[in-house]
Amino acid sequence: MANKVWVFVDQFKGQALPASWEVVFTGRSLADQIDSGLTAVIIGSGVQALAETAIQYGADEVLVADDASLDDYRANAYASVLSKAAGDGAPEVILFPTSTRGRELAGMVAVDLNTGMLVDVTQLSLEGDHLVAIRPVYAGKLLSKVICEGRPQLVTLRARAFDKPVADSGRTGTVTALPAELAEEDIKVKVTGYQQAEVGVSLTDASVIVSGGRGTSNNPKLEPPAEITDDNEKEIWKAHQGFKLIGELASVLGAAVGASRAAVDAGYIPYSHQVGQTGKVVSPDLYIANGISGAIQHLAGMRSSKVIVAINKDPDAPIFKYARFGVVGDLYDILPPFTAAMKERLGK
């Protein structure tokens with residue numbers, strides 16, 4: 001019997017996103033509930049080694065499209081492979097991680113298969129033959145309960161919203177090769193090069209995130225060097241001092257560095273660090289917000305954090321309504337001793 005539940009393993013240069021294994025593990029649980037096997041799909045070049053890992057996390061079968069033409073991610077090529085395989089295998093469900101590639105690919109496959117998709121899902125359950133998904137709406141202020149009437153049901157799962165995967169080295173499964181469906185000359189989009197952003201610990205995978213906002217530049221005690229005369233450059237220089245403190249704490253905690261959109265728009269830090277509705281959506285165990293007021297757009301990206309700590313000079317800042325722990329004060333006064341205490345506590 002063909003497996004009813006499929007999962008897509010998102011990878012980059014042979015390294016799977018940790019969220020992919022969460023998707024495989026969730027797919028395993030779902031497959032067990034409907035008495036089905038689980039099929040994982042891996043597309044790329046030099047990705048054969050990932051098949052065994054997918055089996056350890058719960059897959060019974062792994063379909064691998066390993067071809068040089070698939071080395072760089074191109075949505076039309078990847079969608080062609082997955083859509084053809086799903087059309088032949090007729091799964092009931094296909095799960096994806098809510099990554100940039102996962103969301104784009106799910107959308108294209110949904111069009112190819114004339115079905116719908118449920119995006120950025122944080123909870124899944126079964127009612128009859130329907131998946132019932134819970135997903136945040138209105139910038140995270142409400143939760144929506146949705147189903148997909150089409151088949152297969154395509155779902156993208158928010159990273160770190162589901163159970164942490166546990167590998168079983170004793171599991172066995174089958175590995176089957178999938179052909180690349182587009183010849184190189186038929187692929188209209190070609191990757192001519194790319195530059196990977198240097199962001200340290202990945203925001204979407206991080207269990208701890210230390211973020212900064214516009215408040216990082218709000219320190220009248222700091223005096224920029226005399227050669228900096230432009231007011232905007234002075235503000236950016238001050239903010240960089242604040243983000244240095246944030247980076248030091250993040251380094252001690254093994255955390256990722258995040259930022260609000262206001263900080264990114266002001267030029268304090270690159271966009272790759274942005275958390276929020278127009279940035280990364282994160283669900284860490286601990287989120288430390290420094291000088292972030294708590295605009296709804298930012299809250300949309302981090303509201304599902306398990307513990308939120310807010311440090312802000314304004315006691316009426318909206319972020320305090322969502323924080324489990326709040327500290328009213330200047331981050332420049334609070335972060336240095338806090339970082340020192342963490343170094344001592346963690347033996348660093």
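**View 1. Trp-21 and Tyr-57, both buried, stack ring on ring.** This close-up comes from a predicted model. The two rings sit 5.2 Å apart, centre to centre, with 20 degrees between their planes. What parts of the chain does the pair link? Trp-21 belongs to helix H1 (residues 18–33), while Tyr-57 lies in the loop between helix H2 (49–56) and strand S5 (61–66). That puts the partners 36 residues apart, so the pair links distant parts of the chain. The structure holds three aromatic pairs, this one among them.

**View 2. Tyr-73 and Tyr-78 meet edge-to-face.** Here the ring centres are 4.9 Å apart and the planes make an angle of 75 degrees. Is Tyr-78 buried or exposed? With a relative accessibility of 3%, Tyr-78 counts as buried, because the cut-off for that label is under 20%. Tyr-73, at 22%, is partly exposed.

**View 3. Helices H3 and H4 cross at an oblique angle.** H3 covers residues 75–89 and H4 covers residues 100–112. Their axes come within 9 Å and cross at roughly 55 degrees, which makes H3 oblique to H4. As for handedness, this crossing is right-handed. On the H3 side, look for Ala-75, Asn-76, Tyr-78, Ala-79, Leu-82 and Ser-83; on the H4 side, they meet Glu-104, Leu-105, Met-108, Val-109 and Asp-112. Sorted by class, the contact has seven nonpolar, two polar and two charged residues. Tyr-78 turns up here on the H3 side, having already appeared in the edge-to-face pair with Tyr-73.

**View 4. Helices H5 and H8 run roughly parallel to each other.** How do the axes of H5 (residues 231–253) and H8 (residues 331–346) cross? They come within 9 Å, at roughly 20 degrees; the helices therefore count as roughly parallel. The crossing is left-handed. H5 brings Lys-238, Gln-241, Gly-242, Leu-245, Ile-246, Glu-248, Leu-249, Val-252 and Leu-253 to the contact. From H8 come Leu-331, Tyr-332, Leu-335, Pro-336, Phe-338, Thr-339, Met-342, Lys-343 and Leu-346. That set splits into 12 nonpolar, three polar and three charged residues.

**View 5. Glu-248 of helix H5, up close.** This residue takes part in the contact of H5 with H8. Glu-248 is partly exposed, with 44% relative accessible area. How far apart are Glu-248 and Val-309 in space? From C-alpha to C-alpha they are 17 Å apart, with their positions 61 residues apart in sequence numbering.

Methods: Residues numbered from 1 in each chain as written. Predicted model: local features only at pLDDT ≥ 70, side-chain atom pairs only at ≥ 80, totals over all residues. Heavy atoms only, no water. Axes fitted to C-alpha atoms, helices over the stretch in contact; angles between N-to-C directions. Helix = DSSP H or I, 4+ residues; strand = E, 2+ residues; numbered from the N terminus. Parallel < 35°, antiparallel > 145°, perpendicular 65-115°, else oblique. Left-handed = near helix turned anticlockwise from the far one by under 90°. Contact = heavy atoms within 4.5 Å. Nonpolar A, V, L, I, M, F, W, Y, C, P; charged D, E, K, R; others polar. Phe/Tyr/Trp six-rings, centres within 6.5 Å; stacked < 30°, edge-to-face > 60°. Buried < 20%, exposed > 50% of the residue type's maximum accessible area, 1.4 Å probe, protein only.
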